[in-house]
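This report describes selected local features of a protein model, taken in turn from its core to its chain ends.

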Amino acid sequence: MGTLPIREETGRYKGTPRHERTCQHCDRQQIEDVTHVMLHCEKYAHLRSTFYENTFNDPTLLTNVSDEQLLQLTLATDDSKVMFATANFLRSLFQMRGRAS
């Protein structure tokens, strides 16, 4: 995940202090890291809920599982369907912010 164009990573290369690498896509004033982008950024709330509901068939997953467990389910899996869905989720997310590649 270290290659995503998020402020935690881009700021590292620009020498921006970590506490200044906050998300510029929502008002939460959190560091824009993988956890924030995938699980908390308000800009992607609808995309995120649709992704988790459709991928895991559990509309309560986002509220009943820890951040660490959610990231494990999506990023540390051998399930090709989950990997494909996660890739599509991230592609859609970065398209929303105008940085799709």
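In which helix is Phe-89 found? Phe-89 is found in helix α6. The model is a predicted one.

## Phe-89 and its surroundings

Phe-89 has a relative accessible area of 2%, and because the limit for a buried residue is under 20%, Phe-89 is classed as buried. Its contacts, leaving out residues up to four places away in sequence, are with Met-38, Leu-47, Arg-48 and Phe-51.

The distance from Phe-89 to Tyr-52 is 9.5 Å, C-alpha to C-alpha, with their positions 37 residues apart in sequence counted as the separation.

## The nonpolar core

Phe-89 also belongs to the largest nonpolar core, a set of 21 residues. Within this core, Met-38, Tyr-52 and Phe-89 are the residues with the most contacts. At least two core residues come from each of α2 (34-40), α3, α5 and α6 (80-96). The helix that gives the most is α6, with five residues.

## Packing of α3 against α5

Helix α3 covers residues 45-56 and helix α5 covers residues 67-75. Their axes come within 12 Å and cross at roughly 65 degrees. The crossing is left-handed.

On the α3 side the contact is made by Phe-51, Tyr-52 and Phe-56, and on the α5 side by Leu-70, Leu-73 and Thr-74. By residue class, the contact of α3 with α5 holds five nonpolar residues, one polar residue and no charged residue. Two of the α3 residues appear elsewhere in this report: Phe-51 is one of the residues touched by Phe-89, and Tyr-52 is among those with the most contacts inside the largest nonpolar core.

## The loop between α5 and α6

Thr-77 lies in the loop that joins α5 and α6. Its side chain reaches the backbone nitrogen of Asp-79 at a distance of 3.0 Å. Setting aside residues up to four places away in sequence, Thr-77 touches Gln-72, Val-82 and Met-83.

## Helix α1 and the residue after it

Which residues of α1 are buried? In this helix, Glu-8, Glu-9 and Gly-11 are buried. The cover over the buried residues of α1 includes α2. After α1 comes Gly-15, with a positive phi near 80 degrees.

## Positive phi outside glycine

Gln-29 is not a glycine, yet has a positive phi of about 55 degrees. Gln-29 is placed in the loop between α1 and α2. With a relative accessible area of 56%, Gln-29 is exposed, because the limit for that class is over 50%.

Asn-57, again not a glycine, has a positive phi of about 50 degrees. This residue lies in the loop between α3 and α4 (61-64). Asn-57 is exposed, and its relative accessible area is 66%.

## The chain segments around Pro-5 and Arg-97

Pro-5 belongs to the segment before α1 (7-14). Is Pro-5 buried or partly exposed? At 27% relative accessibility, Pro-5 is counted as partly exposed, because that class lies between the limits of 20% and 50%. The C-alpha atoms of Pro-5 and Arg-18 are 15 Å apart, and the two residues are separated by 13 residues along the chain.

Arg-97 is placed in the segment after α6. Its relative accessibility is 9%, so Arg-97 counts as buried. Apart from neighbours within four places in sequence, Arg-97 is in contact with Pro-5, Ile-6, His-25, Glu-32, Val-37, Lys-43 and Tyr-44. The segment after α6 is thus represented in a contact with Pro-5, a residue of the segment before α1. With Tyr-44, the contact includes a polar one between the two side chains, at 3.4 Å. From Arg-97 to Thr-86 the distance is 17 Å, C-alpha to C-alpha, and the two are 11 residues apart in sequence.

Notes. Residues are numbered from 1 along each chain as its sequence is written. This is a predicted model: local features need pLDDT of at least 70, side-chain atom pairs count only at pLDDT 80 or more; totals for chains, interfaces and linings use all residues. Side-chain values use heavy atoms; hydrogens and water are left out. Helices (H or I, at least four residues) and strands (E, at least two) are DSSP runs, numbered from the N terminus. Buried means under 20% relative accessible area, exposed over 50%, partly exposed in between (1.4 Å probe, protein chains only). Axes are lines fitted to C-alpha atoms, for helices over the stretch in contact, and angles run from 0 to 180 degrees between N-to-C directions. A crossing is left-handed if the near helix is turned anticlockwise from the far one by less than a right angle, and right-handed if clockwise. Contact means heavy atoms within 4.5 Å. Ala, Val, Leu, Ile, Met, Phe, Trp, Tyr, Cys and Pro count as nonpolar, Asp, Glu, Lys and Arg as charged, and the others, Gly among them, as polar. A nonpolar core is a set of buried Ala, Val, Leu, Ile, Met, Phe, Trp, Tyr and Cys residues joined through side-chain atoms within 4.5 Å. A polar contact is a pair of N or O atoms within 3.5 Å; within protein, one must be able to donate a hydrogen and the other to accept it, and residues adjacent in sequence count only if both atoms are side-chain atoms.
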